[in-house]
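Welcome! Take a moment to look over the chain from end to end, and then let us walk through it together.

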Amino acid sequence: MKLLLLAPVLLVTALPLGAAENTGGPKGLPQIDTPRPVISDIVSLSASARASFVGVVAAKTEIDLGFPVHGTLAARLVDTGDIVTGGDLLAQLDPEDFDADVRAAEAGVAVAMANLRSATDAQNRAKQLAGRGVDAATRLEDTDRALTAAQARHDQALASLASAREIRNYAALRAPQDGVITSVHAEAGATLAAGEVIVTLAGSLGREVVIDLSEQDVANFDIGAPFTAELIAIPDMTATAVLTRIDPVAERSTRTRRLHLSLDQSAAEGFRLGALAVVTPDAQADGVLSLPRSAILTPETAPHIWVVDRSTNTVHARPVTLGEDFGGRIRVAQGLKVGDEVVLKGIHSLKDGQVVGPQVALP
């Protein structure tokens with residue numbers, strides 16, 4: 001009986017095409033590429049958009065008052081805290097020099113008037129003589145020119161007198177409106193330059209609360225945003241406030257922007273100037289959405305952002321309308337809503353419809 005020896009058979013299983021080229025996994029095992037993660041963020045209202053801020057009550061209008069001419073301060077009739085009415089006398093310069101200028105101008109007018117009368121009489125005589133044929137016509141022309149010059153000098157003297165009297169009025173500093181004196185800067189006897197501040201007047205027509213925020217926090221608020229203001233000293237005293245102005249330039253030393261919140265006039269009487277107040281954004285108001293500038297594609301021409309659709313794990317370009325730029329963040333007026341997942345990094349290497357991996361938050 002013969003024994004049949006069978007050679008061992010080696011079974012080879014074919015690998016998927018291309019799997020052998022991937023050496024990223026364990027040796028001998030196929031490696032399947034996975035979509036890369038994306039650095040993104042879920043759009044939400046910033047915490048600062050719902051935070052409270054401490055500010056100072058100030059007047060809507062505050063004016064530094066001084067004399068438009070130089071002189072010696074004879075008297076300052078008001079002090080810090082005084083309430084004044086429009087037209088009240090606040091300070092007075094020594095009028096001696098100004099009175100001397102007025103007298104000199106009056107004397108100049110008298111001289112010019114005398115010269116004008118003399119030139120008029122000479123012109124009348126020359127006209128009569130020329131009419132009788134006694135004097136030459138050139139003599140009459142000379143008197144006409146002299147009369148014209150005398151008339152001009154008289155007009156100039158009258159203008160100088162009016163100017164001297166107007167400057168004399170500048171020696172009295174009066175309140176341009178109702179208000180309260182918040183500070184004084186000079187005492188009687190001081191020699192003042194033209195325009196040097198004497199007192200500061202806060203108008204009584206309105207009150208506001210001013211707060212200083214970082215530029216990134218400012219990006220969360222827009223003009224017209226409603227707030228609630230509450231006095232720290234009297235917590236029961238509250239008033240509504242509206243954001244009316246954001247200073248266009250950041251403060252040089254702190255790099256903060258100043259926001260001006262106008263208080264409701266009917267409820268602002270108890271908010272005294274200089275008092276500390278806490279302001280809180282209205283929880284019912286719509287917040288302002290913003291993104292880092294690095295998340296915007298072609299912001300100067302056709303701004304777009306990459307939005308992740310987690311139902312399919314794909315990214316899609318979405319056009320947006322941009323607003324103001326604040327410290328590296330830019331407001332998005334249209335095209336963005338709360339809950340959107342926006343890609344923040346690597347935006348130039350994505351394609352529309354590309355599959356992406358899980359979200360990675362910025363550190």
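A residue counts as buried when its relative accessible area is under 20%, as exposed when that area is over 50%, and as partly exposed in between. Keep this scale in mind, and remember too that what you are viewing is a predicted model.

Let us begin with the whole chain. Its 363 residues include a buried share of 31%. Along the protein chain you will find three helices and 22 strands. How much of the contact network with a separation of 6 or more links residues 24 or more positions apart? The share is 73% in this protein chain. Turning to the outside, the accessible surface of the chain is about 21,700 Å², and carbon and sulfur atoms hold 56% of that area.

Now for two places on this surface. One is a negative patch, made by Asp94, Glu96, Asp97 and Asp101. To find Asp94, look in the loop that runs between β6 (89-93) and α1 (96-132). Is Asp94 buried, exposed or partly exposed? Its relative accessible area is 33%, so Asp94 is partly exposed.

The other place is a nonpolar patch, where Val54, Val56, Ile232 and Leu276 together offer about 320 Å² of accessible area. Val56 belongs to strand β2, which covers residues 53-59. The scale from the start helps here as well: Val56 has a relative accessibility of 34%, and therefore counts as partly exposed.

How values were computed:
Residues numbered from 1 in each chain as written. Predicted model: local features only at pLDDT ≥ 70, side-chain atom pairs only at ≥ 80, totals over all residues. Heavy atoms only, no water. Helix = DSSP H or I, 4+ residues; strand = E, 2+ residues; numbered from the N terminus. Buried < 20%, exposed > 50% of the residue type's maximum accessible area, 1.4 Å probe, protein only. Contact = heavy atoms within 4.5 Å. Areas by Shrake-Rupley, 256 points an atom, 1.4 Å probe, with all protein chains shown as cover. Patch = residues over 30% accessible without salt bridge, like charges linked within 9 Å, V, L, I, M, F, W, Y side chains within 5 Å. Salt bridge = Lys/Arg side-chain N within 4 Å of Asp/Glu carboxyl O. Lys, Arg positive; Asp, Glu negative; His and termini not counted. Charge placed at Lys NZ, Arg CZ, Asp CG, Glu CD.
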